[in-house]
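This report describes one protein model, from individual residues to the overall fold. Please keep the sequence and the structure in view while reading.

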Amino acid sequence: MANNLRIAQRGAYISLVTYIILSILKYVVGTTYNSAALKADSLNNLTDIFVSVAVLIGLKISVKPADKNHPYGHMKTENITTLIVSFIIMFVGIEVISSNIPKLIQGDYSEPSTLTIWVSFISGIIMILVYLFNWKLAIKTKSTSLKSAAKDNLSDALVSIGTGIGLIFTQFGLPIIDIILAVILGFIIVYTGFTIFKESIFTLSDGFHEKDLNNYIEEIENIDGVLDVPSIKGRYHGNSVFLDVTIIVDKDLTLDEAHDICDLVEQQLKEAGAYSSYVHPEPNL
C-alpha cells in the first residue's frame with residue numbers, strides 16, 4: 001500500500017508542474033491580449049495547483065506508519081487537506097464571478113487576440129495527455145485521490161477546449177462572449193470546490209457509498225461456508241478502505257473451521273481492494 005502511495009505521487013507531481021506552467025502562460029497571455037475568459041481559466045488552473053499540492057501533502061503524510069495515537073494510520077490526511085483546499089477553490093470562483101459581472105453589466109469588454117484561442121486549445125490537448133497518464137496510474141495504484149485528480153484533469157481539458165471554442169466567436173464581432181465565458185468559468189470553479197467539499201465531508205463523517213458496500217457483500221457471499229452477511233460497515237481512510245463484517249456460518253462448525261472461513265473472507269476482501277477487514281462469525285439458528 002505504501003509503495004502504491006509513493007507511485008501515485010508521480011501523477012500528482014506531473015499535474016502540479018503542468019498546472020503551474022499553464023496557469024502562468026494563460027494569465028500572461030490573457031492579460032496581455034485582453035481575454036477575461038483566458039485569465040479566468042488560468043485561475044481555474046491555479047485552484048488545481050492547490051488541489052495537486054493538497055494531494056501531495058496528503059499522500060506524503062499518509063505513508064507514515066500507524067502509531068499509538070493513530071492506530072488506523074494517517075491516511076485520512078488526504079481528506080483533511082482536500083477539505084481545506086475546497087474552501088480556497090470556492091473563494092477563487094466567487095472572486096472571478098464578482099470581478100466580471102460588473103464588466104458584463106457595464107459593457108466593459110474588448111476583442112481578444114487570436115493567440116488566446118490557440119493557447120486554450122493547446123492547453124486542452126496537454127491536459128488530456130495528463131489525464132490519460134494519471135488515470136492509468138490511479139487504476140494501477142488504486143489511489144482515490146489520484147483518480148479524483150485525473151477526473152479534474154479531464155474536466156480542465158474540456159474547459160480549456162470549450163473556452164477556445166467560445167473565443168472563436170469573439171473574432172466575429174461578439175467580444176461580449178469573452179466576459180460571459182469568464183463568468184461561466186467562475187461558476188464552474190465554485191461548483192468544483194463545492195463538489196470537493198461535499199465529498200470530503202462525506203468521508204470525514206465516516207460516510208460510505210452503498211454501492212461499494214454491496215460490491216463487498218457480493219464478494220463475501222461467493223465464499224463457501226458463508227450463509228449470510230447480516231452486517232457490514234465501512235470507512236474510507238484516504239485511498240484505503242476498512243471493513244467490519246459479520247457473517248453467518250453453520251452452527252455445527254468447530255471454532256477453527258469458522259475462523260478458517262473468516263480468513264478466506266478477509267483474503268477475498270483484500271483482493272477486492274479493502275486495506276483492512278475484521279470479520280466476526282455468528283452461528284445460524
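Asn34 counts as partly exposed because its relative accessibility is 44%; the class covers values between buried (under 20% relative accessible area) and exposed (over 50%), with a 1.4 Å probe and protein chains only. The model is a predicted one, in which local features need pLDDT of at least 70 and side-chain atom pairs count only at pLDDT 80 or more, while totals for chains, interfaces and linings use all residues. Residues are numbered from 1 along each chain as its sequence is written, and side-chain values use heavy atoms, without hydrogens and water.

Asn34 sits in the loop between helix H1 (2-32) and H2. Helices (H or I, at least four residues) and strands (E, at least two) are DSSP runs numbered from the N terminus. Most residues other than glycine have a negative phi. Asn34 has a positive phi near 60°, and Asp206, also not a glycine, has a positive phi of about 65°. The table sets out these two loop residues.

| Residue | Phi | Loop | Relative accessibility |
|---|---|---|---|
| Asn34 | near 60° | between helix H1 (2-32) and H2 | 44%, partly exposed |
| Asp206 | about 65° | between helix H6 (176-204) and helix H7 (210-221) | 40%, partly exposed |

Asn134 belongs to helix H4 (residues 115-141). This residue counts as buried because its relative accessibility is 0%. Which side chains form polar contacts with that of Asn134? The side chain of Ser15 does so at 2.7 Å, and that of Asn153 at 2.9 Å. A polar contact is a pair of N or O atoms within 3.5 Å; within protein, one must be able to donate a hydrogen and the other to accept it, and residues adjacent in sequence count only if both atoms are side-chain atoms. Leaving aside residues up to four places away in sequence, Asn134 touches Gly11, Ser15, Leu146, Ala150 and Asn153, where contact means heavy atoms within 4.5 Å.

Ser231 lies in strand S1 (residues 228-237). At 27% relative accessibility, Ser231 counts as partly exposed. With residues up to four places away in sequence again left out, Ser231 touches Asp244, Val245 and Thr246. Ser231 and Ile248 are separated by 17 residues in sequence and by 9.6 Å in space, C-alpha to C-alpha.

Phe87, Phe194 and Phe197 are linked into a cluster by ring pairs. Rings of Phe, Tyr and Trp (its six-membered ring) pair if their centres lie within 6.5 Å, and the count by this rule comes to five aromatic pairs.

The protein as a whole contains eight helices and three strands, which follow the pattern α-α-α-α-α-α-α-β-β-α-β along the sequence. The radius of gyration, taken over C-alpha atoms, is 24 Å, whereas a compact globule of 285 residues would have one near 19 Å; the globule rule is 2.2 Å times the number of residues to the power 0.38. Along the principal axes, the C-alpha atoms fill a box of roughly 85 × 30 × 30 Å. Buried residues account for 46% of the 285 residues. Of the contacts between residues at least 6 apart in sequence, 73% join residues at least 24 apart.

Confidence is expressed as pLDDT, which runs from 0 to 100 for each residue. The protein averages 85, and 94% of the residues score at least 70. Helix H2 (residues 36-62) has the lowest confidence, at a mean of 81, and helix H8 (residues 255-271) the highest, at 92.

Note on methods: pLDDT is the predictor's confidence in each residue, from 0 to 100. Rings of Phe, Tyr and Trp (its six-membered ring) pair if their centres lie within 6.5 Å; planes under 30 degrees apart count as stacked, over 60 as edge-to-face and the rest as tilted.
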